[in-house]
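Here is a quick walk through a protein chain, starting from one residue and working outwards. Have the structure open as you read.

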Amino acid sequence: MSSLNHDQDLVAKNISQLAGYLFDLSRKKPSVGIFPHARADADALGAALSLAIALRALGAEVEVIAEEKAAPSLQFLPQVQSIVLYSNAMALKQFDLAVAVDLNTPDRLEKRERLFLNASRHAIVDHHVRDQEQGENELIYTGSSSTCELMFQLISVLETLSARKIFNDDIAVLLISGMMTDTGRFSYSNTTPLALRQMARLIEDFNVDLAFLTHELFERTTVTQLQIRGDVLASIKLAAGGRILYASVPREMMNKRKATDDHLDYLSSDMREADGVDVSILLRESPDRSEIHGSVRSNSCLNAAEFAQVFGGGGHVRASGFTIAGMSLAEAEAEVVAQAEKMLEQCS
Ligand SMILES: [Mn+2]
């Protein structure tokens, strides 16, 4: 990560530059593909759908292309029905512009990587760590609490450039959903004053039902979700004298409850809250059992992004994820826990 990445002036300049580029291009009625990361969360979908609404308003033909159907818990998001599911028939299509949203390396696009790379032009809007200088039309700023926070800034400049209103009720709900999710309702250490100011403006100017959003994003649950969480929590194990709390979820455990992966959302964050715990790790087998997905949360000196990078993943200093192929759940667990013990020892 470049130290310039934290320079507010440079970020403002990058935002203006990318907005100018998108504005000029959109007037030529280009085809634009917007790509949220796989297993998209509210930030990825909120930012992708908001950008789609904005670029359509400026003349572009836009498709948001997702790896899989949005999680049931996110079906309430405005315009989620407009998302196009990737299929192999699309692989050779060539967009005039492809925009990656809430990710910064095309391999996180999984099956859609080729379609993304096929496009004539590329842009990135993201707030995850990357060990690479920012390129042209790349707006990657780790100081933003969410990609939706960056998208708010980008759409504001697009409004100025086009001298028309672009923000609307749908964009307000989408951006607030992403901002609330990535900041834990404005409670995590990544929360910025800017996000709070944006939030104030959105609820001032648009029709947003905050109680409804809070229920949909944070409170809503199902009996199945309560049961699978109970099963996983009953299986947690400790390492490093209690500083590491981890759990491994075999597919049978999920199948027994007919649970899906999104039923485990936020569980690693909840595990981190236990007294004395510095790092929480949740491992689960993919539905076809070919891969292990890991989710890491850190309260301490252990840098979760660097930890995930050891296993080919990435993320943030306190929250990250990775995917391991070619290992059993037990093997992955042994490796991951040993790595966490090592890194915790080194940093404390
Ligand atoms: Mn995000």
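Let's begin with leucine 77, which sits in the loop between β2 and β3. Keep in mind that this is a predicted model. Is leucine 77 buried or exposed? Leucine 77 has 22 C-beta neighbours inside 10 Å, and since 20 or more makes a residue buried, leucine 77 counts as buried. Looking past residues up to four places away in sequence, leucine 77 touches Leu45, Gly46, Leu49, Leu174 and Ser177. There is also a long jump in sequence to look at: glutamate 216 is 139 residues away from leucine 77 along the chain, but their C-alpha atoms are 9.4 Å apart in space.

**The parallel sheet**

The two strands on either side of that loop belong to an open sheet of six strands, in the order β3-β2-β1-β4-β5-β6, with parallel pairing. At its edges are β3 (84–85) and β6 (138–140), each of which pairs on one side only. Helix α2 (residues 42–57) packs on this sheet and touches β1, β2, β4 (97–101) and β5 (121–126). The direction of α2 makes about 165° with that of β1.

Zoom in on β1 (residues 31–36) and β2 (residues 61–66), which pair in the parallel sense over four bridges. If you want landmarks, isoleucine 34 has valine 64 as its bridge partner in β2, and serine 31 stands opposite glutamate 61 in β2. Why call β1 largely enclosed by the rest of the structure? Because five of its six residues are buried.

**The mixed sheet**

Another open sheet also has six strands, this time in the order β7-β8-β9-β10-β12-β11, and its pairing is mixed. The edge strands here are β7 (237–239) and β11 (314–315), each pairing on one side only. Helix α12 (residues 329–347) packs on this sheet, touching β7, β8, β9 (279–285), β10 (291–298) and β12 (319–325). The direction of α12 makes about 165° with that of β9. One pair to check by eye is β7 with β8 (residues 244–249), which run antiparallel over three bridges. In that part of the sheet, alanine 239 stands opposite isoleucine 244 in β8.

**Around serine 268**

Serine 268 is in helix α10 (residues 267–272). Serine 268 is buried, because 24 other C-beta atoms lie within 10 Å. Setting aside neighbours within four places in sequence, serine 268 is in contact with Ser280, Ile281, Leu282, Ser295, Val296 and Arg297. Glutamine 198 lies 70 residues from serine 268 in sequence, and the two are 28 Å apart in space, C-alpha to C-alpha.

**Two residues with positive phi**

Which residues other than glycine have a positive phi? Arginine 185 is one of them, with phi near 55°, and tyrosine 266 is another, at about 70°. Arginine 185 is in the loop between α5 (169–182) and α6 (193–205), while tyrosine 266 is in the loop between α9 (251–256) and α10. Their surroundings look like this:

| Residue | C-beta neighbours inside 10 Å | Class |
|---|---|---|
| Arginine 185 | 14 C-beta neighbours | partly exposed |
| Tyrosine 266 | 15 C-beta neighbours | partly exposed |

**Stepping back**

Now for the chain as a whole. The protein chain has 12 helices and 12 strands, and 42% of its 348 residues count as buried. Its C-alpha atoms fill a box of roughly 60 × 40 × 40 Å along the principal axes. A compact globule of 348 residues would have a radius of gyration near 20 Å, so the 20 Å of this chain agrees with that. Take the contacts between residues at least 6 apart in sequence: 66% of them join residues at least 24 apart.

The domain assignment splits the chain into domain 1 (3–217) and domain 2 (223–347), with 27 Å between their centres, taken over C-alpha atoms. How many residues of domain 1 are in contact with domain 2? Five, and they meet five residues of domain 2. On the domain 1 side, the touching residues are three nonpolar and two polar, with no charged ones.

Terms used. Residues are numbered from 1 along each chain as its sequence is written. This is a predicted model: local features need pLDDT of at least 70, side-chain atom pairs count only at pLDDT 80 or more; totals for chains, interfaces and linings use all residues. Two strands pair if DSSP finds at least two bridges between them. Two residues are in contact if their C-beta atoms, placed from the backbone, lie within 7 Å. Axes are lines fitted to C-alpha atoms, for helices over the stretch in contact, and angles run from 0 to 180 degrees between N-to-C directions. The radius of gyration is taken over C-alpha atoms; the globule rule is 2.2 Å times the number of residues to the power 0.38. A residue is buried if 20 or more other C-beta atoms lie within 10 Å of its own, exposed if 12 or fewer, and partly exposed in between; C-beta atoms are placed from the backbone. Domain bounds come from an automatic or database domain assignment. Ala, Val, Leu, Ile, Met, Phe, Trp, Tyr, Cys and Pro count as nonpolar, Asp, Glu, Lys and Arg as charged, and the others, Gly among them, as polar.
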